[in-house]
Structures are given as structure tokens and as C-alpha cells.
Amino acid sequence: MSSDERRLLIKGGTCVNVDHKFEADVYCQNGLIREIGIDLKVPEGTRVIDANGKFVIPGGIDPHTHFQLPFMGTVAVDDFYAGTRAAVAGGTTMIIDFVIPGKGTSLLDAYERWRGWADEKVCCDYSFHVAVTWWGDQVAREMEILTKEKGVNSFKMFMAYKDVYMVNDEEMYHAFECCKRLGALAQVHAENGDLIVEGAKKMLELGITGPEGHEMCRPEEVEGEATHRAIVIANQVNCPLYVVHVMSRSASDAIRKGRQRGCVVFGEAIAAGLGTDGTNYWHKCWRHAAGYVMGPPLRPDSSTPGYLMDLLANDDLQVTGTDNCTFNGDQKALGKDNFTRIPNGVNGVEDRLSVIWEKGVHSGKMDPCRFVAITSTTAAKIFNIYPQKGVIAVGSDADLVVWDGDATRTISATTHHHAVDFNIFEGMICHGVPLVTISQGRVVYDHGKLDIVRGCGRYISRPAFSSHVFGCVQQRDKIPRYEKVEREPYTGPIVQLPAS
Ligand code: URP
Ligand code: ZN
Ligand code: ZN
């Protein structure tokens, strides 16, 4: 059989979509789901995967990775090969990474550079958000080209990393306006970058140079303030907003309250924030503590992960990603005498699904349908690739996972598929194990064995104006928001100002 005719039958599983679970076989051919039903008759020679007693779920979509990101003087070790390898081993079949151009440089050039890095390495489908790190006419023009010609429908603004990536409120306002006009989703890394710089100075003056200083220089109100501010600014231009890596009660409460008063805002929690916490920054072993350094930091309040999961269960937060951006211990050691030089970032792309199943489904906070929503379907809807991705339906991409909700696995850096030498979930036992991962109708992971092809992932274009994001925004624009008061012209006295 030529690879174009590849046929696959997933037999006897319980399929899970966001709206219901159902028993059915799923027949895939040429990378698409062709038929769904009981006891399907399929052509001879079709490969059969036994899913009896197991779930069949849409492949995970991780909307937040940074593979081989050049950052803080070094480069993330999970490149597009190791990163997507880890992804499929964990049941994720699509990632959305970030193109991050430097200040004053071309967004289009950066996009092409990132494509060059990714296309020859990716083992599953992928797409790109693009960061806006400065403002000007050129940026606005390039955002338009990226949206109309390159399949980019989301742009991220950093409110932190002062002098490197950070934009100020005025720049953010213009970027939001532009996103709104183009039908692209504005995303923010929400932390007050000015306060972080001052906080870091304060810590170093106090002689606090270790990883605990990273959290103390940017406590959760620094994240909460920026989250609230971004929501306010976006609301002034009626621009939908997506807050990446929500790490704290304060930030998630700002999103929940924003949604309650009608703002169109989405919140993304990440595996790190759901599966571990910031007490690790106080660990006596420097290398261990540094392994958890990321921005915004994990919070030392150990009830935060459970709180974030409660919000995900109730749709106060909508999506999960990972912010996978990994650095080896020796790279982290660049900041051994000064926490501000520790490269920021942690793992997650391989373990996200298992961590969320353990803390969300096995704990009884959500059912498998909600699990599918927060790990796949809602991201597909928000980033406008639904129903190509994120659902088990005839005509959708055959990106699927046979999932055992009862089996357990122990997470460890000694067995993971990342390039990095550390795992922030080390020793954690999770219910919820991917048995088989199918990408574009091909089995790429089967009971612990990978069968991946470097470069076989496709770049997925994402059209503008996702109806999930812009549906009510466009309607709101039709309704006059501001009304002029008609009055007689003023004819009374006016105070005379001095000539100067
Ligand atoms: O620490 C992090 N999050 N590293 C990656 C860059 C970012 O801020 O997302
Ligand atoms: Zn960020
Ligand atoms: Zn990130």
C-alpha cells in the first residue's frame, strides 16, 4: 500500500468529543477520518488498532511551545524535532509555537527563519503565533501580510522582559487595534515588566541571588495587575484577548471577572502551573530550584494548582498549554550568582495530558468530555482550525489518541522523550496514559515505541476571524457604543488665558 492510501481502523473504543462519548470504530484513510460507526467493514489489509475498554480522544493541541527558542543568551534544548517527538509520545498531535522577532526587526523575516527551523524537523502538525515586540507602520503592514498570506491569526505582546520584548501600554493599544481590524487574536504575557526590574534590584541588594528571588521579585499581584490592565486596554478597542500562561489566583480572577462583565477574554493555564508549585524555588539544591524558573513564576501557595484546575473545570479558564521552553542544568547555571540570568522555561509538552487527567479527571473535577475541551477542542476553535482538528468527526484530520484512563505512569527525566536533562514533574504518578498516538492517520507512537519521521509535520494555516473569538465582537461593533448629546452651542463667557 502506498503511504497515500494508508488505512487504519481503531476498533471498539469509547470516542470522546466535547459534547458526548460514544462507542464506535473509527476508520481513517489518507490522513482523514472517513467513517465512524459500530462494527465497520473495512478493506482488507487495513491496520487494526484494538481500543477495547479504552478511550479514543482527539489528539492534544498544545497552543504554547517555544522549541529551540534563542533566549537569555542561549537556545532552548528541545528543538522542533525533540519537542514534537515528546509531544506525540504524550498524546499531543499539534503544537503552536511562537515566532519572536527582536525589537526593530522584521516580523516577516523572523517568520521565515522560524519556518526554516521547524519545517525540516517537525514530527507532527504545527503552526505559529507571531510576537509583536515593538510598534510602527512596518509592524502593522507585516501583521497584515502574515494574517492574509501566511496563515497567522494570533499575535502575542509581552508586558514583561523590559528592553528585550516588552511593549508599553500605548504600543499594546495600537497592536490590539490592529489585531481587531485583521481578525487576529491578541495574546499577552501579562506581568508588569517595570515592577519586575525594580523588584529584582531590591532582591539583589538584599543579597538574595538564588531562584527564590525570581518569585519574590515578581509576586502574584505583579501578574494580576498586568492581566487586569491588558483586559481593560483590549476592552477599550473591543478586541478579544487571550492571556497565555495564567499562573496565579490573582490573574485567573482578573480573567474570570472580566468575562463576567462581558469582556471577550480567554485564559490559558499550563501543565507546570497545574502539576507543581513554586515551593521548589526554596529547595536547598540550586540546580533543582533553578529547574523550575519560568515567567510568570510558579506560585509558592500550594493551593494554586487546584484552584486553576477548578476554574478550568468550570470554563472560567478555557485552554491548557505548556509554555515548553527547556534548558539543561548547565544552561540554567548561567544564573548561578544572579537569578535574573537563569534562562526562563520548563518542560510540559509530553506530560500535559497525563498531568491534567490525573489532577482534573482522576481527581473527579471534570469528566473526559471537559478534558478533551481543555486539551484540544477549545484551542482548535479559538485558533480557527476546528473542525479540521480537535474533534472525532468524518472529514476531520486523523489526529487521534487511544487513551487508557486507568493505567498509571511515573514521570521521569530518565524516561521522557525530551532533550532536556530535568523534568519538573519528576516522580509524579499519573493516571491517564497515551497508548497509541496517530498523526495524519499514521501511528507515530505505539505502547512506548516511537515511529516518527523528521519533517513529516505540516504547517497549518489558520484563517482570520475565528467565529468562536469574533462572533459577538462583530455584532457588538454594529451597536453604537458612544452617543453624542445634542445641545445648543455654548455662547456664555470664556476665561481669558495669558498669551504664553
Ligand atoms: O519562562 C518562560 N515562560 N519562558 C518562555 C518565554 C515566555 O515568557 O513565554
Ligand atoms: Zn510568556
Ligand atoms: Zn511562552
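User: In this predicted model, why is the site of the zinc ion (ligand 2) called irregular?

Analyst: The angles among the four donor atoms of the zinc ion (ligand 2) run from 55 to 145°. A tetrahedral label would need all angles to lie between 85 and 135 degrees, and a square planar label would need opposite donors over 155 degrees apart. The values of 55 and 145° fall outside the tetrahedral window, and 145° does not pass the square planar limit, so neither label applies and the site counts as irregular.

User: Which residues coordinate the zinc ion (ligand 2), and what makes them a tie between parts of the chain?

Analyst: The zinc ion (ligand 2) is coordinated by His 189 through ND1 and by His 245 through NE2, at 2.1 Å. His 189 belongs to strand β12 (residues 185-189), whereas His 245 sits in the loop between β13 (241-243) and α8 (249-260), so the pair links parts that lie 56 residues apart in sequence.

User: How do you know that His 189 and His 245 are buried?

Analyst: Buried means a relative accessible area under 20%. His 189 has a value of 1% and is therefore counted as buried, and His 245, with 2%, is placed in that class too.

User: Why is the arrangement around the zinc ion (ligand 3) called irregular?

Analyst: Its four donor atoms subtend angles of 84 to 149°. Since the tetrahedral window is 85 to 135 degrees, the value of 84° lies below it and 149° lies above it. The square planar case fails as well, because opposite donors would have to be over 155 degrees apart, so the arrangement around the zinc ion (ligand 3) is irregular.

User: What are the protein donors of the zinc ion (ligand 3), and how are they spaced in sequence?

Analyst: The protein donors are His 64 (NE2), His 66 (NE2) and Asp 323 (OD), which lie 2.0 to 2.1 Å from the zinc ion (ligand 3). Their spacing in sequence reads H-x1-H-x256-D. Both His 64 and His 66 are buried, and the zinc ion (ligand 3) is separated from the zinc ion (ligand 2) by 3.6 Å.

User: Which residues come nearest to ligand 1, and what makes the approach of Gly 295 a polar contact?

Analyst: There are 14 residues around ligand 1, of which His 66, Tyr 161, His 189, Gly 295 and Asp 323 come nearest. For Gly 295, a backbone N or O atom lies 2.8 Å from an oxygen atom of ligand 1, and because a polar contact is a pair of N or O atoms within 3.5 Å, this pair qualifies. A polar backbone atom of Asn 344 likewise lies 3.2 Å from a nitrogen atom of ligand 1, while a backbone N or O atom of Gly 345 is 3.5 Å from an oxygen atom of ligand 1. Taken alone, ligand 1 exposes 260 Å², and the protein buries 99% of that.

User: How do you know that the peptide bond from Gly 295 to Pro 296 is cis?

Analyst: The call rests on its omega, which is near -10°; Pro 296 is located in the loop between α10 (286-290) and α11 (304-313). The peptide bond from Tyr 386 to Pro 387 is also cis, with omega near 5°, and Pro 387 lies in the loop between α14 (368-382) and β16 (400-410).

User: Why is strand β1 described as mostly covered, and what does β1 pair with?

Analyst: Seven of the ten residues of β1 (residues 7-16) are buried. Two strands pair if at least two bridges are found between them. By that criterion β1 pairs with strand β2 (residues 21-29), antiparallel, through eight bridges, with Leu 8 matched to Cys 28 and a hairpin of four residues joining the two strands. In the parallel sense, β1 pairs with strand β4 (residues 47-50) over four bridges and with strand β5 (residues 55-58) over two.

User: Why does Gln 440 count as buried, and what is its phi?

Analyst: Its relative accessible area is 13%, which is under the 20% limit, so Gln 440 is buried. Its phi is positive, about 50°, although Gln 440 is not a glycine, and it lies in the loop between β17 (429-439) and β18 (442-446).

Technical notes. Residues are numbered from 1 along each chain as its sequence is written. Chains are lettered from A and ligands numbered from 1 in the order in which they are written. This is a predicted model: local features need pLDDT of at least 70, side-chain atom pairs count only at pLDDT 80 or more; totals for chains, interfaces and linings use all residues. Side-chain values use heavy atoms; hydrogens and water are left out. Donors are N, O and S atoms within 2.8 Å of the metal (3.2 Å for Na, K and Ca); water is not among the atoms, so sites may look incomplete. Four donors count as tetrahedral if all angles lie between 85 and 135 degrees; four count as square planar and six as octahedral if opposite donors are over 155 degrees apart and all others between 65 and 115; anything else is irregular. Buried means under 20% relative accessible area, exposed over 50%, partly exposed in between (1.4 Å probe, protein chains only). A residue is near a molecule or strand if one of its heavy atoms lies within 4 Å of it. A polar contact is a pair of N or O atoms within 3.5 Å; within protein, one must be able to donate a hydrogen and the other to accept it, and residues adjacent in sequence count only if both atoms are side-chain atoms. Accessible areas come from the Shrake-Rupley method with a 1.4 Å probe; for residues, only the protein chains shown count as cover.
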